[in-house]
Amino acid sequence: MQVFRGIPERADQPSVLTIGNFDGVHRGHQALLSLLTEKAHVLGLPAAVLTFEPHPREYFSAADAPARLSSLREKLLLLAASGVERAYVCRFNAAFAALSAENFIEDILVRGLGVRHLYIGDDFRFGARRRGDFAMLQAAGRAHGFGVESMATLDVAGERVSSSAVRAALAKGELDHAAGLLGRPYSIAGRVAHGDKLGRQLGYPTANIQLKHRRPALSGVFAVSVEGLLASRSVQGVANIGTRPTVDGSGRPRLEVHLFDWQQECYGAHLRVHFLHKLRQEQRFESFDALTAQIRRDADDARAWHAAHTN
């Protein structure tokens, strides 16, 4: 998949396009991307996605913005796996926020991306003050010669599939529910960085996954599986994601994974952590002895869960 930062002044070829934030690339997104790639194949054109960085809600109100389900890198990997051939990452800033709906159509869709056919979700709005809607796009399509289709919201077991629904399930620790909406277990990927080595001192060394500035969509202690190591299969483990209130007063979230029966160093490795089962909420302990005892119970509980759920 080709990734473009920004919109070209003029398209080098026509495209079949969809637009959205695609946070988490859940089953609703996947259904839309399936329509996109099928149409692109029929027309012999690249399947393209226009997405935004940062998320518009982060731009307008960072303090109230929802937790991200996926980093930009993770989202691009998921889009590529869905058959997208081109991803245009548009910087959402003051200039873009002020762009009129008419200019969005003329400058971005028609001239910059050469849209031949456009798919959007049924709630898509665009342009300054969200003036643009499906009817405006249909009229523009008739004027400029591109097709426009909207996809109805996908329901799973009577529930509307959305990024908000996934976030709500993760916040409640309902990992099976979240996996049903995503079409896969929820995961976080990142590079292993050096930490304070506290886990090693307590007898449970951990891989510290960089979260950078992201606010996680879930917290607590989990049974996990990890991909990306020098192994032929995923490695089982137990993970804590949260602010470590017993040992750290910074409030900065950390993701720490203890890998079962793993002896090799993995600093610098890029790992993907799949969250499979929530064991408990994160909590503060009165002493390191109490913390160590709980870590031991967590590891035992995670091993028991893996043993009961591994074929």
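**Notebook: helices, pocket and cavity**

I began at the end of helix α3, where I found that G83, which follows α3, has a positive phi, near 95°. I am working with a predicted model, and I keep that in mind for each entry below.

Staying with α3, which spans residues 72–81, I looked up its buried residues and noted L72, E74, K75, L76 and L79. I then asked what covers them, and the list I obtained includes the strands β1 (2–5), β3, β4 (86–91), β9 (187–193) and β14 (270–280), together with helix α1.

I turned next to helix α5, residues 101–112, for which I recorded A101, F104, I105, I108, L109 and G112 as buried. Viewed down the axis of α5, these buried residues fall within an arc of 155°, so I describe them as lining one face of the helix. As for what they pack against, I noted β2 (15–19), β3 (47–53) and β5 (115–121) among the strands, and α4 and α6 (134–144) among the helices. Just after α5 I came upon G114, which takes a positive phi of about 55°.

I then looked for open space, and for the largest pocket I wrote down a volume of about 1100 Å³. Its lining comprises 40 residues, of which G20, N21, D123, F124 and R130 are the closest to the centre of the pocket. The elements that give two or more residues to this lining are α1 (27–43), α2 (56–60), α4 (94–97) and α7 (163–171). Sorting the lining of the largest pocket by class, I have 19 nonpolar, 12 polar and 9 charged residues.

For enclosed space, I found that the structure holds 1 cavity of 30 Å³ or more, and I noted a volume of about 60 Å³ for the largest cavity. The residues that line the largest cavity are N21, D23, F52, E53, P54, H55, R68, S70, S71 and K75, which by class gives 2 nonpolar, 4 polar and 4 charged residues. I marked K75 in particular, since I had already listed K75 among the buried residues of α3 and now meet it again in the lining of the largest cavity. N21 likewise appears in two of my entries, as one of the residues closest to the centre of the largest pocket and as part of the lining of the largest cavity.

Last, I checked confidence, and the chain averages a pLDDT of 88, with 93% of the residues scoring at least 70. Confidence is highest in β2, at 97, and lowest in helix α9 (residues 198–201), at a mean of 56.

Technical notes: Residues are numbered from 1 along each chain as its sequence is written. This is a predicted model: local features need pLDDT of at least 70, side-chain atom pairs count only at pLDDT 80 or more; totals for chains, interfaces and linings use all residues. Side-chain values use heavy atoms; hydrogens and water are left out. On a 1 Å grid over the protein atoms alone, a cavity is a set of points where a 1.4 Å probe fits but cannot get out, and a pocket is an open set with protein on both sides within 12 Å along at least five of seven lines; lining residues have an atom within 4 Å of a point. Grid points are joined across faces, edges and corners, and a volume is the space filled by probe spheres set on the points. Ala, Val, Leu, Ile, Met, Phe, Trp, Tyr, Cys and Pro count as nonpolar, Asp, Glu, Lys and Arg as charged, and the others, Gly among them, as polar. Helices (H or I, at least four residues) and strands (E, at least two) are DSSP runs, numbered from the N terminus. Buried means under 20% relative accessible area, exposed over 50%, partly exposed in between (1.4 Å probe, protein chains only). The arc is that of the directions from the helix axis to the C-beta atoms. Contact means heavy atoms within 4.5 Å. pLDDT is the predictor's confidence in each residue, from 0 to 100.
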